[in-house]
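Student: I have a new model open and would like to learn to read it. Where do we begin?

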Amino acid sequence: MTDAQLPLQVRGLTVSYGASPAVFSADMRVEPGAMTAIIGPNGAGKSTLLKAVLGIVPALSGQVTVYGKPLDKQRSRIAYVPQRASVDWDFPTRVIDVVQMGLYRQLGLLRRITGRHRSLAMDCLDQVGMADFADRQIGQLSGGQQQRVFLARSLAQGADLYLLDEPFAGVDAATEKAIIDVLKSLKDEGRTILAVHHDLSTVPDYFDRVYIINKSPVAEGPVAEAFTQDALQRAYGGRLASGLLDQLFPVAEAAPAPGFPARTA
């Protein structure tokens, strides 16, 4: 596969907050048309990696390409859903206005919202089950509803690559199902999903590929090959409950060869 076919490629990315690196020498290949989870313990650099890829936080070194070109030339192909906790939900705006923000590249110089734009935004809200809340103030919604609205905004962008930072954190079960259904629909359309994820028990059901990190890369590849007991123990150390490991791996695995697993296409 050529670099131009890869939705995202990261080489040697290092990010530091003060003296200690938050992410050190990270390499990543995000395969097209797949759902990839970024997992690791708290403080492992998962969200920092995603923000550095987007240029939200500066990197000390490294290279990021999107479909074979520098990030700045490909931003129109990327949609980003931030952590809900990082958003000022007291800002006085309606749900429909938030979603229409995803259409700014289509609005032209005058930035004038037309009936066609509102109709498109309403369709995106309908996909996430929030059409009835279009005129509600965003701060009046529950956490799960707010997350759905931000997902609708990303849908309005019509992107090829979707980057999501903890999309299931703090949401109810119905919202989690609605979000994963939308993401799988995007995948079925050939779009690519990369999400920071914290619930290890749902990784095999939700994702095709996994990227495990603890400041430096631990493992990367298809879930069936890279999401192993050995890789998780190397990333999480003693912070993994034995009961969770028994749930994830009911039959003891043969120990893989030490070191970073070979990449798989």
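Tutor: We begin with a pocket. By class, seven nonpolar, two polar and three charged residues make up the lining of the largest pocket. Keep in mind that this is a predicted model.

Student: What volume does the largest pocket have?

Tutor: The general idea comes first. Rolling a probe the size of a water molecule over the atoms shows where empty space is left. Here, the largest pocket has a volume of about 250 Å³.

Student: Which residues line the largest pocket?

Tutor: Among them are Leu54, Ile56, Ile78, Ala79 and Met101. The lining also includes Arg75, Arg105 and Arg153. Tyr80, Tyr104, Gly102 and Gln157 belong to the lining as well.

Student: Which element gives the most to that lining?

Tutor: Strand E6 does, with three residues.

Student: What about the second largest pocket: what is its volume?

Tutor: The second largest pocket has about 180 Å³. Its lining has 15 residues, and the closest to its centre are Gln127, Leu155, Leu186, Glu189 and Arg191.

Student: Which elements give two or more residues to this second lining?

Tutor: They are helix H3 (115-127), helix H4 (143-156) and helix H5. H3 gives the most, with four residues. By class, the second lining has seven nonpolar, five polar and three charged residues.

Student: Now the sheets. How do I read one?

Tutor: Strands of a sheet pair through backbone hydrogen bonds, either parallel or antiparallel. Follow the order of the strands, then look for the edges. One open sheet here has six strands in the order E6-E7-E8-E3-E9-E10, and its pairing is mixed.

Student: Which strands are at the edges of the six-stranded sheet?

Tutor: Strand E6 (78-81) and strand E10 (216-222) are the edge strands, and each pairs on one side only. From one strand to the next, the twist averages 15°.

Student: How many bridges join E9 and E10?

Tutor: E9 and E10 pair over six bridges, in the antiparallel sense. For one facing pair, find Arg209, which stands opposite Pro222 in E10.

Student: Which helix lies across E3, E7 and E8?

Tutor: Helix H5 (residues 173-188) lies across strand E3 (35-39), strand E7 (161-165) and strand E8 (192-196). H5 runs at about 130° to E3. You have met H5 already, in the lining of the second largest pocket.

Student: What is the order of the four-stranded open sheet?

Tutor: The order is E2-E1-E4-E5, with antiparallel pairing. E2 and strand E5 (69-70) are the edge strands, each pairing on one side only.

Student: How many bridges join E1 to E2?

Tutor: Seven bridges join strand E1 (residues 8-17) to E2, and the two run antiparallel. Leu8 stands opposite Val30 in E2. Ser16 has Pro21 in E2 as its bridge partner.

Student: How many residues lie between the strands in the hairpin of E1 and E2?

Tutor: There are two residues between the strands. In this hairpin, Gly18 takes a positive phi near 80°.

Student: Which helix lies across E1, E2 and E4?

Tutor: Helix H1 (residues 46-54) lies across E1, E2 and strand E4 (61-66). H1 runs at about 115° to E1.

Student: Let us turn to enclosed space. How many cavities of 30 Å³ or more does the structure hold?

Tutor: The structure holds one cavity of 30 Å³ or more. About 40 Å³ of space lies in the largest cavity.

Student: Which residues line the largest cavity?

Tutor: Met28, Arg29, Thr36, Arg209, Val210, Tyr211 and Glu220 line it. Strand E2 (20-30) and strand E9 (209-214) each supply at least two residues of this lining. The largest share, three residues, comes from E9. The lining divides into three nonpolar, one polar and three charged residues. Arg209 also stands opposite Pro222 in E10.

Student: One last feature. How many aromatic pairs does a search of the whole structure find?

Tutor: A pair of aromatic rings is described by the distance of the centres and the angle of the planes. The search finds three aromatic pairs. One of them is Phe227 with Phe249, a tilted pair at 6.1 Å centre to centre and 40° between the planes.

Student: Where in the chain do Phe227 and Phe249 lie?

Tutor: Phe227 is in the loop between helix H7 (223-226) and helix H8 (229-236). Phe249 is in the segment after helix H9 (242-248). The pair links distant parts of the chain, 22 residues apart.

Key: Residues are numbered from 1 along each chain as its sequence is written. This is a predicted model: local features need pLDDT of at least 70, side-chain atom pairs count only at pLDDT 80 or more; totals for chains, interfaces and linings use all residues. Side-chain values use heavy atoms; hydrogens and water are left out. On a 1 Å grid over the protein atoms alone, a cavity is a set of points where a 1.4 Å probe fits but cannot get out, and a pocket is an open set with protein on both sides within 12 Å along at least five of seven lines; lining residues have an atom within 4 Å of a point. Grid points are joined across faces, edges and corners, and a volume is the space filled by probe spheres set on the points. Ala, Val, Leu, Ile, Met, Phe, Trp, Tyr, Cys and Pro count as nonpolar, Asp, Glu, Lys and Arg as charged, and the others, Gly among them, as polar. Two strands pair if DSSP finds at least two bridges between them. Contact means heavy atoms within 4.5 Å. Axes are lines fitted to C-alpha atoms, for helices over the stretch in contact, and angles run from 0 to 180 degrees between N-to-C directions. Rings of Phe, Tyr and Trp (its six-membered ring) pair if their centres lie within 6.5 Å; planes under 30 degrees apart count as stacked, over 60 as edge-to-face and the rest as tilted.
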